Amino acid sequence: MRRPVALRISAASAAMALAAAVGMTLSMSQASAATGSATGYATQNGGTTGGAGGQTVRATTGTQIHAALCSRAASNTPITIEVEGTINHGNTTKVSGDSCNTAAGVIELKQISNVTLVGVGSGAVFDQLGIHIRESSNIIIQNVTVRNVKKSGSPTSNGGDAIGMESDVRNVWVDHTTLLASGGESEGYDGLFDMKDNTQYVTLSYSILRNSGRGGLIGSSESDLSNGYVTFHHNRYENIDSRAPLLRGGTAHAYNNHYLSLNESGINSRAGAKAKVDNNYFEDSKDVLGTFYTDQRGYWQVSGNVFDNVTWSSPGTENYPAGPNPQSNTTVSIPYSYTLDAAACVPDVVSRTAGAGTGLKVSDGNCSAQTPTSTPSTPTTPTTPPTTPTPDPTEPSGTNLSIGAGSDGSSKADGTSYGSVRDGDMSTYWSPSGSTGSVSIKWGSATAVSSVAIREAAGSTGVIGSWRLLNADTGAVLATGSAAGVVTFPQTSLKKITFEITGATGTPKVAEFETYA
């Protein structure tokens, strides 16, 4: 029977000194980072590797976790923090340093990058203590439990979110976690997995979200639409009232999840959001997909799902359920490879793989559980600076700066948009009103750029002929050439960059105008 949710860091010597002061075990040799490799949207935008290649530290308190972050040579020095034991308010204090920005009463991953937190040994439990990721990138959280984080009552942490991300966060992989609450907002809890204020390229995989009024959101309001590119796969949502997730304006991919007892609503796509919903198993739930509590409607593409004892409300004002016979009303292009388990076996394979303490088992794509191999890191010493991988000469690396920027151009054909070149979606595009024209990416402040990637939409590859790349601030020509692709040039600081098509064999279709530092 369904239960109401209410019932329910010269660097080496200083590092060693700081570690000793808080009792942290710091290994001068290296160990593996996370087990397995990132999946879903976390593989995009340069990928997500966390602390791979860095030193490994063992921590048994929140203060030790913060000390490990502050012990690094720089805020982007890779590190893997192995966590064991119960982390709570009593053992989590603020630690200061040049490579960190921590706070008491929360695990603060702020203004940092290249970090892995992984539970080891008898397990890692963050008890009434949330994990906060802000202005950070390339973060992995794996094999931990976060429980009973509250925004009201005592103690409070992280605005009531078990894991919360906000303010220009990029590339986060959360894997094999157990996220728990003991009620809804009236009991002091908020979301289990929240993303807002320009958080992108996130994957939540093989995790359990249970006993909460709110599963999680992507976008804090109908005007917070810069989030997205989030993958949810092989997760179990159980006894959740709503927000599984709530998706505002972004793109999400949900596949092979088991949704059990979604009491009020499930995947809530609204404000122009797009959700691709593949081979999931919805069970004993209500209104598992649609647009709810708003007139600003969203979209979905559905395939291969099982709806087992799912009830649907009647359509009405601010209530647009996808059922009782869910049909696709958009298409969503997925840029990464993935293998689908059959929906019918999802409850079983998820029960054997999802959550902390399950041996990090994953599906083999054929409804069977297997243990992935560890991802080895390169041996170094703590005084060795992090190595920057050599990028593929045909592809830039780092963050696509176009996402979240502005855009304009010389003209646009009917049905196309300047904004389509910076939305990360290869299925949308801009075309000029003829065979030539220009499109620009612009920022509110000077931004350093050294490469761009022009990607043509499907079916139009090779149409673009000659072109020029311009510094629109000065009119200077940064590069010229023919055919779309990756263009490199001396790093230039500018507010606006223009791609001008001067020759084509037909009507160009630019799906993405990516920019990189």
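The paragraphs below go through this structure from its overall make-up to its cores, strands, helices, aromatic rings and disulfides.

The model is predicted. The protein has 517 residues, and 58% of them count as buried. Its secondary structure consists of three helices and 35 strands. The surface that the protein exposes comes to about 19,000 Å², with 47% of that supplied by carbon and sulfur atoms.

What lies inside? In soluble globular proteins, nonpolar side chains tend to be buried together. Here the largest nonpolar core holds 66 residues, and the members that touch the most others are Phe 126, Phe 193 and Phe 232. The element that gives the most to this core is helix 2, residues 62–70, with five residues. A second core, separate from this one, has 23 residues, among them Trp 443, Val 452, Ile 464 and Leu 494.

Phe 232 is a useful place to look at the packing in detail. Apart from its neighbours within four places in sequence, Phe 232 contacts residues that include Phe 193, Met 195, Leu 204, Ile 218 and Tyr 237. Others on the list come from further along the chain, including Pro 245, Ala 252, Tyr 255 and Asn 257. The next residue, His 233, belongs to strand 16, residues 228–233. His 233 has a relative accessible area of 2%, so it counts as buried. Leaving out residues up to four places away in sequence, His 233 touches Thr 39, Thr 203, Leu 204, Ser 205, Tyr 206, Tyr 255, Asn 256 and Asn 257.

Strand 14, residues 208–214, shows how strands are placed side by side. Six of its seven residues are buried, so strand 14 is largely enclosed by the rest of the structure. It is joined to strand 11, residues 178–183, by four bridges, and these two strands run parallel. In this pairing, Thr 178 stands opposite Ile 208 of strand 14. Strand 14 also pairs with strand 17, again in the parallel sense, over five bridges. There, Arg 210 is opposite Glu 238 of strand 17.

Two of the helices can be described by what is buried in them. In helix 2, nine of the nine residues are buried, so this helix is largely enclosed by the rest of the structure. The buried residues run from Gly 62 and Thr 63 through to Leu 69 and Cys 70, and they include His 66 as well as Ile 65. In helix 3, residues 346–353, the buried residues are Val 346, Pro 347, Val 349, Val 350 and Thr 353. The cover over them includes strand 17, strand 20, strand 23, strand 28 and strand 29. Just after helix 3, Gly 355 has a positive phi of about 100 degrees.

The aromatic rings come next. A pair of aromatic rings is described by the distance of the centres and the angle of the planes. The structure holds 12 such pairs. In one of them, the rings of Phe 282 and Phe 307 have centres 5.2 Å apart and planes at 5 degrees, so the pair is stacked. This pair links distant parts of the chain, since Phe 282 is in strand 23 and Phe 307 is in strand 26, 25 residues apart. Phe 282 is buried, with a relative accessible area of 1%, whereas Phe 307, at 32%, counts as partly exposed. Elsewhere, Tyr 41, Tyr 201, Tyr 229, Tyr 255, Tyr 336 and Tyr 338 form one aromatic cluster.

The last topic is the disulfides. A disulfide is a covalent bond between the sulfur atoms of two cysteines. The count for this protein is two. One joins Cys 70 to Cys 100, with 1.9 Å from S to S. At 95 degrees about the S-S bond, this link between Cys 70 and Cys 100 is right-handed. It connects helix 2, which holds Cys 70, to the loop between strand 3 and strand 4, which holds Cys 100. Cys 70 is buried at 7% relative accessibility, and Cys 100 is buried at 14%. Another disulfide is formed by Cys 345 and Cys 367, whose sulfur atoms are 2.0 Å apart. This link of Cys 345 and Cys 367 is left-handed, with -75 degrees about the S-S bond. Its cysteines are 22 residues apart: Cys 345 lies in the loop between strand 27 and helix 3, and Cys 367 in the loop between strand 28 and strand 29. Counting bonded cysteines along the chain, the disulfides follow the pattern 1-2, 3-4.

Definitions and conventions
Residues numbered from 1 in each chain as written. Predicted model: local features only at pLDDT ≥ 70, side-chain atom pairs only at ≥ 80, totals over all residues. Heavy atoms only, no water. Core = buried A, V, L, I, M, F, W, Y, C linked by side-chain atoms within 4.5 Å. Buried < 20%, exposed > 50% of the residue type's maximum accessible area, 1.4 Å probe, protein only. Contact = heavy atoms within 4.5 Å. Areas by Shrake-Rupley, 256 points an atom, 1.4 Å probe, with all protein chains shown as cover. Phe/Tyr/Trp six-rings, centres within 6.5 Å; stacked < 30°, edge-to-face > 60°. Pairing = 2+ DSSP bridges. Disulfide = S-S within 2.5 Å.
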